[in-house]
Amino acid sequence: MTADLRERLALAHDRPSLSAAVEGLTGHGLEPRLADKLARRLGELALPADSRVLFLGNHTLDPLARMATAAAFCQGVVVEARVGPFDQHMQMLLDPSLGLADFDPDVIFLSLELDRLLPALPAGLARLDAAGRQGLVDAALALVKGWVETAKSVTSATLLVGNFWRPVRPHLGLADLKLAGGETALHAALNGRLLECFAADPKVHVVDIDQAVAATGRRAADSPRMRHLGKLAWAEAALPEIGDLLARYLACLVLPPKKCLVLDLDNTLWGGVLGEEGPEGIRINEGDPVGEAFLAFQRAIKGVQGRGVLLAACSKNNRADVEEVFRLRPEMPLGLDDFVATRIDWQPKHDNIRAIAAELEIGTDSLVFVDDNPAECELVRQMLPEVQVIHLPKDPASYAGLLLELPSLERLVLSAEDLRKTEQYREQAARAAVKVEAGDMRGYLESLETVATIWPATRAELNRVQQLFAKTNQFNLTTKRYRLADVEQFIASPDWRLEVVAAKDRFGDLGIIAAVLLEVRADGLAVDSIVMSCRAMGRGIETAIANRLKAIARALRPRGRLWGDFRPTAKNRPAADFYARQGFTLEAEADDGNQRWVLPVAEAVDVPCPGITVDQSTIEGVKSLEPQAG
Amino acid sequence: MNPKLADVMADILEVKAGELSRETVRDGHPTWDSFNHLRLMTAIEEEFGVQFSMDEIESIETAGQLDDLLGTYLAAA
């Protein structure tokens, strides 16, 4: 640890100064002793925690808890970590005196060492038949599943379950690989079954500890002396990789995701300067080491796009040259149509980046900008400090890895919407083209042939609904950022009614684009939240939603009232006139601008929404609700 | 106390070398916890090119005992 960094940590007295002290440190490059120091400093400063994390397992987890706390801070998350008593992961859930409820964790990480879980396993394998070996896999799996089920019944925390890591060598040596269901095969089967088990569960994530141990190097990650003396599962050398992996999960759970990767072209997407080398001269081809490095980078970009991250191009070139290069070099993994927005001209990059954000209707704070030119990077950093700027280093061989390592582009799970994101923006561009053709608004809306489907949310929509609460800024009446656990509670509770809205039109499927949260009260319904994705705005779907609210109110509380809150933010002006348009009257307005609107259910009249077909079968579904005295 | 040993201890335990003496006790020390103890022993092994047994690692309770143990290894080398 450098004395300089040590001193900066000691001097840091608040969150910004501590963040500045660790700037540029990456999780897996974080030295364990420095991580300890950082975790300790975080504890001393007692910063308010973004996430409370409980570490449970059958080995010593304190060093990892410190490592993960430090790595998470480097990714922008303040963690309050607690380590449960050794080998009492089940007791911790069931014995209230151990303090689970007091700590009230947002996340619980479970790490089980297979040797300690099934001590007879490795040595006994050779003597077992296939059924016996299968029995061992089942037994280990049952232990984990039992813990998960119990955890879900006593806490709403997100569960991170570590998988099982392989030893340096199997006990049966080379022969292990000839044994059907040997130690090697058994590890693979067990980890495969773990993934299957929790694949559909939005609250449980299997953490690939085996991968982190392999990335460290199995030999370096293994310290028998540490295991016997300190019940430590791994050597200190493995902590940076494992800590970084955990921090990625914590960051994904807490931070708003980056939505768009804005890329420079020359010496970023290909080697060389297009204006000088010409379309045949730039380096993006097999057989040339530099060209292959750029090919690998483009493939990595394509991979990131597959996570639902949008791509945009921002470069100083002649646009015609760029169009030509994409035409003449079809061997490039990326095509021009992979970019949902392009600014290829000679305007300053920060202006162009702002324009790209405006075009895509997303905030500049959800952009990552990548450029090889230090001056451009510095300019963007100064003009748009909220943009994450990645300055590419000298060696293009490092670009692909660098991109794939970026925590801010991680997603915990890909929703159907994420998988179709780029397509959806292309469809949006096609819609905009029609808008220009159609001229009048009414004609345009009708030409879209929008169909909205509204139904009560189920667990299947859990992730998407939480995503909408987390990401929607513009059409968001109250900007309450609900967590997965909250959404789960709304679905389960009779006091709440959560509805989701999907939309499609003649250009394509927009997927689930809105969520509506109602509080069911004795004397009426209160609109807690309405969130609608920006790509569905401006076509009157909010009116279809309001009509649905009125229908629900008529069914549940015919003599009651509908209330609605509006909390103004810097970004939600598009939703400001929602209640007025739907016939509500302003009941009260506080000094901070928060408004309360009201509408007696008996006076609620549907507002027409031209051009939108509402899926009637689901509206009728309301009638089957049991009417209650309102 | 071996001055090089004091330096290694100060580094790992995050204290000033002057704050350490042969009388420094592990039990109750704010930074000489069980994990840092393992770190410390590993660092000493690397620094002086010696290897302690697991029993020796477990038996150390004071800086003086550590100084004596290291002394016997260095004398035998």
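**Exercise 1. Decide whether A:H89 is buried or exposed in this predicted model, and find which residues A:H89 is in contact with.**

Step 1. Begin with the relative accessible area, which is 13% for A:H89. Buried means under 20% relative accessible area, so A:H89 is buried.

Step 2. Place the residue in its element: A:H89 is found in helix α5 of chain A, which covers residues 89-94.

Step 3. Look for contacts while leaving aside the neighbours within four places in sequence, and you find that A:H89 is in contact with A:L56, A:G57, A:L110, A:L112 and A:W147.

**Exercise 2. Work out the strand order of the open sheet of five strands in chain A, and identify which strands are the edge strands.**

Step 1. Following the pairing across the sheet gives the order β2-β1-β3-β4-β5 in chain A, and the pairing is parallel.

Step 2. An edge strand pairs on one side only, and this is the case for β2 (79-83) and β5 (204-207) of chain A.

Step 3. Consider the turn between neighbours: on average, and with direction ignored, neighbouring strands of this sheet are turned by 20 degrees against each other.

Step 4. It helps to recall what holds such an arrangement: strands of a sheet pair through backbone hydrogen bonds, either parallel or antiparallel.

**Exercise 3. Describe how β1(A) pairs with β2(A) and with β3(A), and state how many of the residues of β1(A) are buried.**

Step 1. On the side of β2(A), five bridges join the two strands, which run parallel; one bridge partner to locate in β2(A) is A:V79, which belongs to A:S51.

Step 2. On the side of β3(A), the pairing with β1(A) is again in the parallel sense, over five bridges, and here A:V53 has A:V107 in β3(A) as its bridge partner.

Step 3. Counting the residues of β1(A) by their accessibility shows that six of its seven residues are buried, and the strand is therefore mostly covered.

Step 4. Trace the path from β1(A) over α4(A) to β2(A), and you will find that these three elements make a right-handed β-α-β unit.

**Exercise 4. Find which strands helix α4 and helix α14 of chain A touch or lie across, and give the angle for each helix.**

Step 1. Helix α4, made of residues 62-74, lies across β1 (51-57), β2 and β3 (107-111) of chain A, and runs at about 170 degrees to β2(A).

Step 2. Helix α14, made of residues 239-254, also packs on the sheet, where it touches β1, β2, β3, β4 and β5 of chain A, and its direction makes about 155 degrees with that of β5(A).

Step 3. For the pairing of β5(A), turn to β4 (residues 158-162) of chain A, which runs parallel to β5(A) and is joined to it by four bridges; within this pairing, A:L159 has A:V204 as its bridge partner.

**Exercise 5. Compare the surroundings of A:L261 and A:V322, giving for each the element, the accessibility and the contacts.**

Step 1. A:L261 has its place in strand β6 of chain A, residues 260-263, while A:V322 is found in helix α17 of chain A, residues 319-328.

Step 2. A:L261 counts as buried because its relative accessibility is 0%, and A:V322 counts as buried because its relative accessibility is 1%.

Step 3. With neighbours within four places in sequence left aside, the contacts of A:L261 include A:I301, A:V304, A:V368 and A:L409, whereas A:V322 touches A:L265, A:L274, A:N317, A:L336 and A:I344.

Step 4. Finally, set sequence against space: A:V322 and A:I344 are 22 residues apart in sequence, and their C-alpha atoms are 8.1 Å apart, while A:L261 and A:P167, 94 residues apart along the chain, have C-alpha atoms separated by 39 Å.

**Exercise 6. Determine how many aromatic pairs the whole structure holds, and what kind of pair A:F490 and A:W496 form.**

Step 1. Searching the whole structure over all chains gives 14 aromatic pairs.

Step 2. A:F490 and A:W496 form one such pair, with 4.7 Å from centre to centre and 55 degrees between the planes, and this pair is tilted.

Step 3. Check the accessibility as well: A:F490 has a relative accessible area of 6% and is therefore buried.

Step 4. Then add the cluster, in which A:F475, A:F578, A:Y579, A:F584 and A:W597 take part.

Methods: Residues are numbered from 1 along each chain as its sequence is written. Chains are lettered from A and ligands numbered from 1 in the order in which they are written. This is a predicted model: local features need pLDDT of at least 70, side-chain atom pairs count only at pLDDT 80 or more; totals for chains, interfaces and linings use all residues. Side-chain values use heavy atoms; hydrogens and water are left out. Rings of Phe, Tyr and Trp (its six-membered ring) pair if their centres lie within 6.5 Å; planes under 30 degrees apart count as stacked, over 60 as edge-to-face and the rest as tilted. Buried means under 20% relative accessible area, exposed over 50%, partly exposed in between (1.4 Å probe, protein chains only). Two strands pair if DSSP finds at least two bridges between them. Axes are lines fitted to C-alpha atoms, for helices over the stretch in contact, and angles run from 0 to 180 degrees between N-to-C directions. Contact means heavy atoms within 4.5 Å. A crossover is right-handed if, with the strands pointing away from the viewer, the path from the first strand over the helix to the second runs clockwise.
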